[in-house]
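User: I would like to learn how to read a few features of a protein model. Please take them one by one.

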Amino acid sequence: MRHLFQLLLLQVLFVPQILLAQSSFAEAIAQADQIAGKVFADEKFPGMAVAVAYDGVVVWEKGYGFADVEAGKEVDPNESLFRIGSVSKTLSSIALARLAEEGKLDLDKEVQVYVDYFPKKEYPITVRQVAGHIAGIRHYIGMEFMSNVYYPDVKSSMDIFKDDPLLFEPGSKYSYSSYGWNLLAAVVEGASGEDFLSFMQREVFDKAGMNNTHPEYPGKYEDQKVQFYIQEEGKNYIAPIVDNSYKWAGGGFIGSARDLLRFSDAVYANRLIQSSTYKEWVTGLQTGAGKPTNYGIGWRLGKDKKDRNWVGHSGGSMGGTTMFLVYPEQKLTVVTLVNLSRARMNDLAWRVAEQFLTVIED
């Protein structure tokens, strides 16, 4: 009974906060809705979810179109599960951060300290280099992005690339690699003594209250999972079947727009990691020649047209396009999810963000 009373009290206190925030952003919401609706219609997306939070409070979220066109099932920003693609890297980066804070992981140690079955290469490779895409590990080749092979664990997925030579001397160049995050999942296992997915569930998803984020398994979460589409000559078709077990950490999670807002809030409220760790994770690495990569430890970073700092990640998967955008200084998070491959978002997240930033900075 006491627990129920506390829960009701929290709801009573929290609802006015939401209503106040929504009222303050009424014009921004109207403008953002117009912008998002036009992109959705012009690009003929099957379905889309957009969600915005300010200072940890959800101020606007909306579903457009259909999670499943054929079934006539509409998008629900809280419940509909989209493929989030490489935004999975940002989620997975928190597993590395938690282990680093516990003293179980050193980013500047060679990966073999944690993964003894990863072959030594012609040059040493550190965990930090892999996380920042400067290790020389290759990306997808051929039809690997279309893989429909089930891999029961991280170690088996490493067989795809672990024996291949490096593309360059680690640290000398930036070259994006989702397979590098397979290796980082193995690092998490070696440092924690636990399988990667279990660690992610307990130490990231559960702690952030992310009840609608999961590794994608065929046949699971079908009642919430969106249908995935590709587009050819302006017409949408159901996407080919793939099995993303070959890249959990780098691109294998599904989730809702609301859950990505929960993740952002947990990070910035320091419920997942310390602020000092976060600052290190969103500090861009450099090549040996001093060239900035605009990439930290699983987080992209940059500046918008008005020179504001942003961090986050984009995601592209079979039947999914995602943007997770955070303006840390303005305490604003914007999420856009589309159940379509290579959806032309036309900077939608930034355009939506601008409507809210105008109010915040006024």
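Analyst: Start with exposure: a residue is buried under 20% relative accessible area, exposed over 50%, and partly exposed in between (1.4 Å probe, protein chains only). This is a predicted model, in which local features need pLDDT of at least 70, side-chain atom pairs count only at pLDDT 80 or more, and totals for chains, interfaces and linings use all residues. Residues are numbered from 1 along each chain as its sequence is written, and side-chain values use heavy atoms, with hydrogens and water left out.

User: Is aspartate 347 buried, partly exposed or exposed, and what is its relative accessible area?

Analyst: Aspartate 347 has a relative accessible area of 48%, so it counts as partly exposed. Of the 362 residues of the chain, 54% count as buried.

User: What is the phi of aspartate 347?

Analyst: Most residues other than glycine have a negative phi. Aspartate 347 has a positive one, near 55°. Its place is the loop between strand E12 (332-338) and helix H11 (348-360); helices (H or I, at least four residues) and strands (E, at least two) are DSSP runs, numbered from the N terminus. Histidine 133, also not a glycine, has a positive phi of about 65°. Histidine 133 sits in the loop between helix H4 (127-131) and helix H5 (154-157), and is buried, with a relative accessible area of 2%.

User: How is empty space found, and how much of it lies in the largest pocket?

Analyst: Rolling a probe the size of a water molecule over the atoms shows where empty space is left. On a 1 Å grid over the protein atoms alone, a cavity is a set of points where a 1.4 Å probe fits but cannot get out; a pocket is an open set with protein on both sides within 12 Å along at least five of seven lines; lining residues have an atom within 4 Å of a point. Grid points are joined across faces, edges and corners, and a volume is the space filled by probe spheres set on the points. The largest pocket holds about 480 Å³. It is lined by 27 residues, and Phe145, Ser317, Met318, Ser341 and Arg342 are the closest to its centre.

User: How many cavities of 30 Å³ or more does the structure hold?

Analyst: There are three. The largest cavity has about 50 Å³ of space, and its lining residues include Phe118, Lys121 and Asp164.
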